[in-house]
Amino acid sequence: MSVNQADTVVVGAGIVGLAHALAAARRGERVVVFERDDFAVGASIRNFGMIWAVGQQRGALYRRALRSREIWLDIAAKTGLWAEQSGSLHLAHRPDEVAVLEEFVACAPAARERGVAMVTPREAVERSHVARPEGLLAAMWSPTELNVDPRLALPAVAEHLVSEYDVDIRFGTTVRSVDLPTVSTTAGEWRAGRVFVCGGNDFATLYPEVYADSGLVRCKLQMMRTGVQPGGRPLGPMLCGGLTLLHYAAFDGLAAREALAERMGEELPYHREHGIHVLLSQTADGRLTIGDSHAYGTTHDPFEDEGINEAVRDYLRTFADLPDPRITERWTGYYPSLRDGRTELVVSPEPGVTVVNGVGGAGMTLSFGLAEEVVAAAQF
């Protein structure tokens, strides 16, 4: 029986796996990617399509996000992938929200250097035709956020890997076991120098003992999408409101956030209980993506809670007026998450094998930069 050869095997063709395939291929390696499904169906296509640098932890993660953004734009330039440099607006309708944003801008020189700044209500509504002006006190503008359409982006990245770097992507192929230099799959045996296991929500197939000891849990979220908006007018900046200031690590450690958290706990206990914060982005064909909620555990029930969807829509109306808010799609998503402050799980269970997981809800934002770091550090 013939055995196929590769320098690097990547397990999983979600954004984390494709990013590692790209990083290895750019180093001149022969790369093969195995994906058990016929196409990407997990968290990498069930998201906002936000490359959301401004929300990442200040310092190394912010820089990683900016590097990922550069790679997204490079791929878009080479493939025609829709990647809108829309930026973002954090809209503040209460004084404590303004205080958090002002403190963030003061404490984030790297973000200021990239153009992050406070803007007036008038400037905010000039940038966004859907931002609600009533009661708007201020906003924070960030030009670094990039909007892609995840259902189109993942296939485009995969095709780019094939056409530009001759990466071999085997969809519908499960990796049974790894015993380097042998990788056993449902499509035969392979010999490889190293393996990156990027299995996403699949904790059980390979190295389950790694996950059992990792502290990794699954996050379940609920999201929605409208139809194409009337007139085809683009959304412009991606939008969020005050709840988002309690979600992203960029705002960790800010003194003003304590008062905001206390008020929102009193006024929006249901939203806080279900991990709701509300973001608004767009797809390539003009639909609007709305969400989301966050529930953490090892196993979740498979059902949607319409009360959560209603709470998301209710909060969206406090800072945005959509031309046509009717919902045409609803879905749940699942992604692995570390709840102890770590930003990713990168471990080597045996020589030549690296498990990469646990990037949480920032896979689209961080994976390309993370992969460059991991591939460069991994022993060949």
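**Close-up views of the predicted model**

**View 1. Aromatic pairs, beginning with Phe203, which counts as buried because its relative accessibility is 11%, below the 20% cut-off.** The model shown in this and the following views is predicted. With ring centres required to lie within 6.5 Å of each other, the count comes to six aromatic pairs. One of them joins Trp72 and Phe368 in an edge-to-face arrangement, with 5.0 Å from centre to centre and 75° between the planes. This pair links distant parts of the chain, since Trp72 belongs to helix 2 (residues 60-79) and Phe368 to helix 11 (residues 363-377), 296 residues apart. Trp72 and Phe368 are both buried. The rings of Phe203 and Tyr211, by contrast, have centres 5.2 Å apart and planes at 15°, so this pair is stacked, the angle being under the 30 degrees that the term requires. Tyr211 is buried as well, with a relative accessible area of 6%.

**View 2. Arginine side chains over the aromatic rings of Phe203 and Trp141.** The charged end of Arg218 sits over the ring of Phe203, at a distance of 4.2 Å from the ring centre, so that Phe203 has both this charge and the stacked ring of Tyr211 as partners. In another such arrangement, Arg127 lies over the face of Trp141, 4.1 Å from the centre of the ring.

**View 3. The loop that holds Asp202, between strand 12 (188-197) and helix 7 (208-212).** Leaving aside residues up to four places away in sequence, Asp202 touches Arg36 and Tyr211, and Tyr211 is the residue whose ring stacks with that of Phe203. Asn4, 198 residues from Asp202 in sequence, lies 25 Å from Asp202 in space, C-alpha to C-alpha.

**View 4. Helix 2 and the surroundings of Ile75.** Helix 2 has 20 residues and spans 29 Å from its first C-alpha to its last, close to the 28 Å expected at 1.5 Å a residue. Its buried residues are Leu61, Tyr62, Arg64, Ala65, Leu66, Ser68, Arg69, Ile71, Trp72, Ile75 and Ala76, a list that includes arginines alongside nonpolar residues. An α-helix has 3.6 residues a turn, so residues three or four places apart point the same way. Ile75, within this helix, is buried with a relative accessible area of 0%. Not counting residues up to four places away in sequence, Ile75 touches Leu22, Gly80, Leu81, Val157, His160 and Phe368, and Phe368 is also the ring partner of Trp72. The C-alpha atoms of Ile75 and Ala153 are separated by 9.8 Å, although these positions lie 78 residues apart along the chain when counted as a sequence separation. Just after helix 2, Gly80 takes a positive phi of about 80°.

**View 5. Helix 1 (residues 15-25), largely enclosed by the rest of the structure.** What makes this description apply is that 11 of the 11 residues of helix 1 are buried. Among the buried residues are Ile15, Leu18, His20 and Leu22, and Leu22 is one of the contacts of Ile75.

**View 6. Two separate nonpolar cores.** In soluble globular proteins, nonpolar side chains tend to be buried together. The largest nonpolar core here has 67 residues, of which Leu91, Phe104, Phe251, Leu280 and Ile290 touch the most other members. Apart from this core lies another, of 43 residues, among them Ile15, Leu18, Leu161 and Val374. For Ile290, the contacts beyond four places in sequence include Phe48, Met223, Met224, Val278, Leu280, Leu316 and Ile327, with Thr226 also in the list.

**View 7. Arg313 in helix 10 (residues 306-316).** Arg313 counts as buried because its relative accessibility is 18%, under the 20% cut-off. Not counting residues up to four places away in sequence, Arg313 touches Met224, Glu306, Ile327 and Arg330, and of these Met224 and Ile327 are also touched by Ile290.

**View 8. Val347 in strand 19 (residues 345-350).** With a relative accessible area of 28%, Val347 is partly exposed. Beyond four places in sequence, Val347 touches Val210, Val353, Thr354 and Val355, while the C-alpha atoms of Val347 and Val197, 150 residues apart along the chain, are separated by 9.9 Å.

Conventions
Residues are numbered from 1 along each chain as its sequence is written. This is a predicted model: local features need pLDDT of at least 70, side-chain atom pairs count only at pLDDT 80 or more; totals for chains, interfaces and linings use all residues. Side-chain values use heavy atoms; hydrogens and water are left out. Rings of Phe, Tyr and Trp (its six-membered ring) pair if their centres lie within 6.5 Å; planes under 30 degrees apart count as stacked, over 60 as edge-to-face and the rest as tilted. Helices (H or I, at least four residues) and strands (E, at least two) are DSSP runs, numbered from the N terminus. Buried means under 20% relative accessible area, exposed over 50%, partly exposed in between (1.4 Å probe, protein chains only). A charge sits over a ring if NZ of Lys or CZ of Arg is within 6 Å of the ring centre and within 35 degrees of the ring normal. A nonpolar core is a set of buried Ala, Val, Leu, Ile, Met, Phe, Trp, Tyr and Cys residues joined through side-chain atoms within 4.5 Å. Contact means heavy atoms within 4.5 Å. The expected span of a helix is 1.5 Å times one less than its number of residues.
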